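I opened the notebook today to look around a fold, one spot at a time. Here is what I looked up, in the order I went.

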Amino acid sequence: MSGRYEIRFSGAGGQGLILAGVIMAEAASIYDGKQAVQSQSYGPEARGGASKSEVIISDGPVDYPKATKCDALLALTQEACDKYSADLKEGGVLLIDSDLVTKLPPGNYQTTAFNIINTAKNDVGREIVANIVALGAMVALTGVVSKEAAEKAVLSRVPEAFVELNRKAFQLGFEKALSAKK
């Protein structure tokens with residue numbers, strides 16, 4: 001990787017996107033030895049309002065902590081896709097939940113779509129790990145952090161009783177993104 005890589009996780013408050021961003025930044029900085037910063041923004045509502053988490057990853061110092069032109073965007077809701085897709089670079093990575101984002105933005109993106117929340121709910125067994133499914137997918141699609149670093153960062157954040165659940169969620173997101181990639 002050279003230069004700066006910008007990732008935005010977006011959706012609704014309560015979907016765990018801020019935690020996903022924190023974990024991505026930790027994977028880069030703690031386990032892969034890169035420079036990383038994470039920032040977040042969410043509406044005044046506790047749940048359901050617009051939410052985003054941004055991660056900047058670089059081989060050198062990060063001079064500005066906010067995303068200006070995203071290399072990769074996760075949109076878990078149509079509202080998030082509509083609101084944030086204009087910041088996606090030409091040729092960037094757009095990951096969407098295919099059940100909730102039905103209208104794709106115009107532009108030249110590498111779009112990957114699968115039912116992220118339903119995967120968490122039905123294939124993993126708990127909807128609450130949808131953020132970890134999405135994180136696994138972003139790691140697979142961007143390659144900006146190693147799979148091993150991201151998995152270590154995920155597992156360092158969860159209680160022992162939920163390690164296997166989160167490992168399964170991460171792995172399933174990783175695999176589904178690669179098979180859904182166009």
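**Entry 1: Ala75.** I began with Ala75, which has 0% relative accessibility and therefore counts as buried, the cut-off being under 20%. A reminder to myself before going on: this is a predicted model. Ala75 sits in strand 4. I then asked which residues Ala75 touches, not counting those up to four places away in sequence. The list I got is Ser10, Ala80, Cys81, Leu95, Ile96, Asp97 and Val101. I also checked the distance to Leu95: the two residues are 20 apart along the chain, and their C-alpha atoms are separated by 6.3 Å.

**Entry 2: Leu73.** I stayed in strand 4, which covers residues 70-75, and looked at Leu73. Is Leu73 buried or exposed? I found a relative accessible area of 0%, so Leu73 is buried. Its contacts, again leaving out residues up to four places away in sequence, are Arg8, Ser10, Tyr84, Ser85, Leu88, Val93, Leu94, Leu95 and Met138. Leu95 turned up here as a contact of Leu73, and the C-alpha atoms of this pair are separated by 6.2 Å with their positions 22 residues apart along the chain.

**Entry 3: the nonpolar cores.** Next I wanted to see the buried nonpolar side chains as groups. In soluble globular proteins, nonpolar side chains tend to be buried together. In this model the largest nonpolar core has 48 residues. Those with the most contacts inside this core are Ile7, Phe9, Met24, Leu74 and Val145. Helix 4 gives the most to this core, with 10 residues. Apart from this core lies another one of 14 residues, and I noted Ala50, Cys70, Ala75 and Leu94 among them. That puts Ala75 from my opening entry in this other core.

I picked Phe9 for a further look. Not counting residues up to four places away in sequence, Phe9 touches Leu17, Ala20, Gly21, Met24, Ser51, Lys52, Ser53, Val55, Leu74, Leu135 and Met138.

**Entry 4: helix 5 and helix 6.** I asked which residues of helix 5 are buried. They are Ala149, Ala150, Glu151, Ala153, Val154 and Leu155. What covers them includes helix 1, helix 4 and helix 6.

I went on to helix 6 and tested its length. At 1.5 Å a residue its 18 residues should span 26 Å, and the end C-alpha atoms are 26 Å apart, so the two values agree. The buried residues of helix 6 are Val163, Leu165, Asn166, Ala169, Phe170, Leu172, Gly173, Phe174 and Ala177. Their cover includes strand 6 (110-114), helix 3 (116-124), helix 4 and helix 5 (147-156).

**Entry 5: Thr119.** From that cover I chose a residue of helix 3, Thr119. Thr119 has 1% relative accessibility, so I logged it as buried. Leaving aside neighbours within four places in sequence, Thr119 is in contact with Phe114, Val124, Val133, Leu172 and Lys176. Of these, Leu172 is also one of the buried residues of helix 6. I took one C-alpha separation as well: Thr119 and Asp97 are 22 residues apart along the chain and 9.9 Å apart in space.

**Entry 6: Gly49.** I turned to a loop next. Gly49 lies between strand 2 (35-42) and strand 3 (50-58). With a relative accessible area of 8%, Gly49 counts as buried because the cut-off is under 20%. Gly49 touches Gly11, Ala12 and Gly13, with residues up to four places away left out. Gly49 and Ile30 are 19 residues apart in sequence, and from C-alpha to C-alpha they are 31 Å apart.

**Entry 7: the largest pocket.** I finished with empty space. How much space lies in the largest pocket? I wrote down about 380 Å³. The lining has 22 residues, and Gly16, Ile128, Val129, Ala130 and Asn131 lie nearest the centre of the pocket. I sorted the lining by type and got 13 nonpolar, 5 polar and 4 charged residues. Helix 1 (17-31), helix 4 (130-142) and helix 6 (163-180) each supply at least two lining residues. Helix 4 gives the most, with 3 residues.

Note on methods:
Residues numbered from 1 in each chain as written. Predicted model: local features only at pLDDT ≥ 70, side-chain atom pairs only at ≥ 80, totals over all residues. Heavy atoms only, no water. 1 Å grid on protein atoms, 1.4 Å probe; cavity = no way out; pocket = protein on both sides within 12 Å on 5 of 7 lines; lining within 4 Å. Points joined across faces, edges and corners; volume = space filled by probe spheres on them. Helix = DSSP H or I, 4+ residues; strand = E, 2+ residues; numbered from the N terminus. Nonpolar A, V, L, I, M, F, W, Y, C, P; charged D, E, K, R; others polar. Core = buried A, V, L, I, M, F, W, Y, C linked by side-chain atoms within 4.5 Å. Buried < 20%, exposed > 50% of the residue type's maximum accessible area, 1.4 Å probe, protein only. Contact = heavy atoms within 4.5 Å. Expected span 1.5 Å × (residues − 1).
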